[in-house]
Amino acid sequence: MVPTLGESVTEATVSTWFKQVGDTVSQDEMLCELETDKVSVEVPAPAGGVLSEITAPEGTTVDASAKLGVISGSASGELEPAPAPAQNADAATATGKPGKDVEDAPSAKKAMAEAGISRDQVTGSGRDGRIMKDDVAKAVAAAGSAPAPQASSAPRAPVSADDESREERVKMTRLRQTIARRLKDSQNTAAMLTTYNEVDMTEVMALRDEYKDLFLKKHGVKLGFMSFFTKACVHALKEVPEVNAEIDGTDVVYKNFVHMGIAAGTPTGLVVPVIRDADAMSFAGIEKAIAEKGAKARDGKLSMAEMQGGTFTISNGGVYGSLMSSPILNPPQSGILGMHKIQDRPMAIKGQVVIRPMMYLALSYDHRIVDGKGAVTFLVRVKEALEDPRRLLMDL
């Protein structure tokens, strides 16, 4: 059967079968891999035996209670019919009115409030009829109040037969579809604006060069730039708390903590692992957390919990050579800082032209909650903290 996918995940796509029909499998041996909106889930064999049937071949979309295959020669065969009544009950509940004790997904409640629609106008597809965020999006689209999805479904322009023969059509992964949808939703929902500044990295680079060997020896992890930027952002968020807040309907929710999202590019797409309570962590703690989450992201081992709850995000396009960009908000967050390439540039310092390692900084923010003054103040505080790291020690 499909294993537990997570509270907000209702379906998955079978991406790879590691075994074929007729293969002998042992207990806990990996049978197949499922791809959900955010993470890949490996499915182990519940018992030893022979894989006698593959019910859901590669490319099949399955729900959270579906059967993937049959293993004969073990007790698992006797357990197969058991989920059927629950599945039927779920279907019956989804089509009818859910009970009063059913709790809808928090993201769905927020989406309904933002769209101005009531619960009765949405059909829930979750367990026991729970309303999920996707259900709200479908209801809004059906009501004709979301032109963006209609625009995206426009037919493709005609292609000549000669060109078509040289094209390759590949289905988007569920992760890539989710990224596309969330980024477009962010543009459609938030009043997004970006402000820019530049930072002289001389002091941070000198401090890093001076202590990197000692830091590695004591803490067992390299001292990078991300911990400086995380600390600088935490410092600035204390002064401009609205950048760390979010809008919930007609309320503003201020967070008295910082769960820092670190955007990471992986072979399967962009993910944002979250470092929880980054405001209470040391440089070493931040570096260790970034290294651990980065390794998990590259291996596709991040759990849903490790990518939820972020209050602010840092995106480092500089590692790929980006000189300047306008990052897109990671909803429902109200701010994201874009880091870029460090490049030597001639700067006017005290009446003289000197060469300094400079980086452009970009802060994209939701203008519905963050005013221009607050956004610029935040970016200036980040700049000041990086150009004089002693400010972080003195809390200035």
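Phe-283 is a good place to start: this residue is partly exposed, with a relative accessible area of 26% (buried means under 20%, exposed over 50% and partly exposed in between, using a 1.4 Å probe and protein chains only). The model is a predicted one, where local features need pLDDT of at least 70, side-chain atom pairs count only at pLDDT 80 or more, and totals for chains, interfaces and linings use all residues. Residues are numbered from 1 along each chain as its sequence is written, and side-chain values use heavy atoms, with hydrogens and water left out.

Now for the rings. Two aromatic pairs turn up here, taking rings of Phe, Tyr and Trp (its six-membered ring) with centres within 6.5 Å, and calling planes under 30 degrees apart stacked, over 60 edge-to-face and the rest tilted. Phe-283 pairs edge-to-face with Phe-228, at 5.1 Å centre to centre and 65° between the planes. Phe-228 belongs to helix H9 and Phe-283 to helix H10, so the pair ties together parts 55 residues apart in sequence; helices (H or I, at least four residues) and strands (E, at least two) are DSSP runs numbered from the N terminus. Unlike its partner's 26%, the relative accessible area of Phe-228 is 3%, which makes Phe-228 buried.

The other pair is tilted: Phe-312 and Phe-378, 5.4 Å centre to centre with 50° between the planes. Since Phe-312 sits in strand E14 and Phe-378 in helix H11, this pair ties together parts 66 residues apart in sequence. Phe-312 is buried at 0%, and Phe-378 is buried at 0% too.

That leads straight into the largest nonpolar core, a set of 44 residues in which Phe-229, Met-260, Phe-312, Ile-314 and Phe-378 touch the most other members. A core here is a set of buried Ala, Val, Leu, Ile, Met, Phe, Trp, Tyr and Cys residues joined through side-chain atoms within 4.5 Å. Among the elements supplying at least two residues each are H8 (202–219), H10 (283–299), E14 and E15, while H9 gives the most, with eight.

Strand E15 (residues 335–339) has five of its five residues buried. Gly-335, Leu-337 and Met-339 point one way, and Ile-336 and Gly-338 the other. On pairing (at least two DSSP bridges between strands), E15 runs parallel to E14 (residues 312–316) through four bridges, with Thr-313 partnering Ile-336. E15 also pairs with E17 (residues 352–366), antiparallel over four bridges, and there Leu-337 partners Leu-363.
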